[in-house]
Amino acid sequence: MEQASNSEIVLQILVSVGIIVIAAKYLGTLAKKIGFPQVAGMIVAGLLLRFLPWFNNFGSNPSGSLFGETDRFISFVSEIGVVLIMFSAGLGTNLKSLAKSGIKSTIIALCGVLVPLALGTVMALCFWGFDGFGTPQFYKAMFIGTILTATSVSISVATLKELGHLKTDLGQTIVSAAIIDDVFGIIVLTVVLGISTGTGGILITLGKTILFFVAAIIFGFIVFRVFKWYDRRHPHSRRIPIYGLGIALIFAYAAERFFGIADITGAYIAGVVFCSLTDAPYMEQKIDINSYMIFSPIFFAGIGLKTDLSGMNFSLLWFSIAFVIIGCLSKLIGCGCTSRLLGFSWKDSCKIGLGMMVRGEVALIVAQKGLSIGIIESKYFAPVILLIIISSMIVPVLLKKAFHGETPVLQTETN
């Protein structure tokens with residue numbers, strides 16, 4: 001009887017994953033064709049599957065929860081998927097560009113994280129009420145602000161490339177600030193999660209965070225030297241990305257198990273460790289293939305599957321509208337006004353703020369992390385998805401208008 005039950009679960013997993021992958025990739029491709037990010041299409045696929053009666057009741061769970069036992073499998077695969085996405089993001093980091101980007105890009109990125117964090121927290125407290133610092137509600141509001149710190153520069157890069165401004169000084173400032181923004185965002189996420197879930201307060205959390213990065217630097221340097229030696233002996237070998245993936249999973253495990261740091265932070269740091277290898281682009285390509293084929297579709301469709309719209313009411317609708325407005329304005333204020341203070345013209349400052357406004361998969365990853373540890377409820381995925389879709393639509397249009405009629409002046413390269 002037990003064997004039959006296990007067999008039934010396996011069959012449910014097979015057909016469920018098959019349906020999710022097909023639906024997610026089809027709607028992702030369709031979204032790309034009409035000018036939306038592919039992740040938006042994948043999320044919509046999950047939303048549609050959630051509300052199909054046959055699909056929702058699929059399986060033997062009498063409560064009607066998704067696929068019965070297989071929802072656990074989907075959650076596990078989604079967790080691996082988010083680790084792969086963050087590992088790939090780390091592999092794509094250009095340390096040389098970060099080193100050359102200068103203090104201006106760093107300051108712009110820092111303010112592009114702190115201002116959304118502050119404004120998002122205040123906005124959430126305006127809806128929920130302020131009952132004191134250090135309370136669960138305050139940490140919940142702070143996590144809403146943390147979601148807003150994320151930047152997805154991919155759409156801005158594509159737009160700048162189309163306009164011919166990607167390799168200009170201004171274009172490189174936007175790209176560099178976005179990369180540094182991701183690093184600061186990961187640090188903020190690590191600290192906020194540690195404070196909100198830890199028992200030792202902010203000092204212990206900061207201490208663990210510092211200790212983690214010290215350990216990551218030490219072990220990361222050792223791992224990098226070993227891989228650099230191995231890469232010279234076996235260039236472009238398939239074993240390189242396989243071993244690298246193994247190290248990334250170990251980093252993710254160690255980060256959360258021994259330091260109380262989010263596993264995605266460990267995966268991202270592992271990617272940064274390998275990003276300077278000669279075969280780093282090859283590693284990124286192989287990791288992306290695995291992610292593209294199954295893990296990413298399941299992760300992003302899983303976001304839609306977990307998004308609870310049954311609790312949508314006027315209160316949540318107003319919250320979503322405020323979340324989108326604050327999400328867009330906070331980057332424009334944080335990055336744009338800071339750029340003006342650093343000597344950029346008002347027009348160029350506005351362009352930098354617009355280039356940093358887009359949100360994407362990182363915001364979803366942060367929200368997913370908050371859901372998994374119980375800081376926020378699933379209904380708050382709806383505002384995040386809305387922000388991603390709206391920012392992805394308006395930023396290309398606004399950037400094109402901002403650069404209209406300008407001839408790009410390419411950045412001078414020096415050796």
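**Notebook: one residue, two helix contacts, two cysteines**

I began with Glu361, which is partly exposed, because its relative accessible area is 27% and so falls between the 20% limit for buried and the 50% limit for exposed. I noted at the outset that I was reading a predicted model. Glu361 lies in helix H16.

Next I looked up which residues Glu361 touches, leaving out those up to four places away in sequence, and I found Ile85, Ser152 and Phe300. For Phe300 I also noted the separation: its C-alpha atom is 8.4 Å from that of Glu361, although the two residues are 61 residues apart along the chain.

Staying with H16, which covers residues 361-372, I turned to its packing with helix H7, residues 136-148, and I wrote down an angle of about 155° with the axes 8 Å apart. This makes H7 roughly antiparallel to H16, because angles over 145 degrees are counted that way. On the H7 side the contact is made by Phe143, Thr146 and Ile147, and on the H16 side by Ala363, Val366, Ala367, Lys369 and Gly370. Sorting the residues of this contact by class, I have five nonpolar, two polar and one charged.

Phe300 then led me to a second pair of helices, since Phe300 is among the residues of H13 that meet H2. The axes of H2 (residues 38-51) and H13 (residues 280-306) come within 7 Å and cross at roughly 50°. That makes H2 oblique to H13, because 50° is neither under 35 degrees nor over 145, and is also outside the range of 65 to 115. I recorded the crossing of H2 past H13 as right-handed.

For the residues of this contact, I listed Val39, Met42, Ile43, Gly46, Leu47, Leu49 and Arg50 from H2, which meet Ser296, Pro297, Phe300, Ala301, Gly304, Leu305 and Lys306 from H13. Between H2 and H13 the contact residues divide into nine nonpolar, three polar and two charged.

Last, I turned to cysteines and asked myself: how many disulfides does the count give? The count comes to zero disulfides, where the rule asks for a pair of cysteine sulfur atoms within 2.5 Å. I also checked whether two of the cysteines are buried or exposed. Cys275 is buried, because its relative accessible area is 11%, and Cys328 is buried as well, with a relative accessible area of 10%; both values are under the 20% limit.

How values were computed: Residues are numbered from 1 along each chain as its sequence is written. This is a predicted model: local features need pLDDT of at least 70, side-chain atom pairs count only at pLDDT 80 or more; totals for chains, interfaces and linings use all residues. Side-chain values use heavy atoms; hydrogens and water are left out. Buried means under 20% relative accessible area, exposed over 50%, partly exposed in between (1.4 Å probe, protein chains only). Axes are lines fitted to C-alpha atoms, for helices over the stretch in contact, and angles run from 0 to 180 degrees between N-to-C directions. Helices (H or I, at least four residues) and strands (E, at least two) are DSSP runs, numbered from the N terminus. A crossing is left-handed if the near helix is turned anticlockwise from the far one by less than a right angle, and right-handed if clockwise. Contact means heavy atoms within 4.5 Å. Ala, Val, Leu, Ile, Met, Phe, Trp, Tyr, Cys and Pro count as nonpolar, Asp, Glu, Lys and Arg as charged, and the others, Gly among them, as polar.
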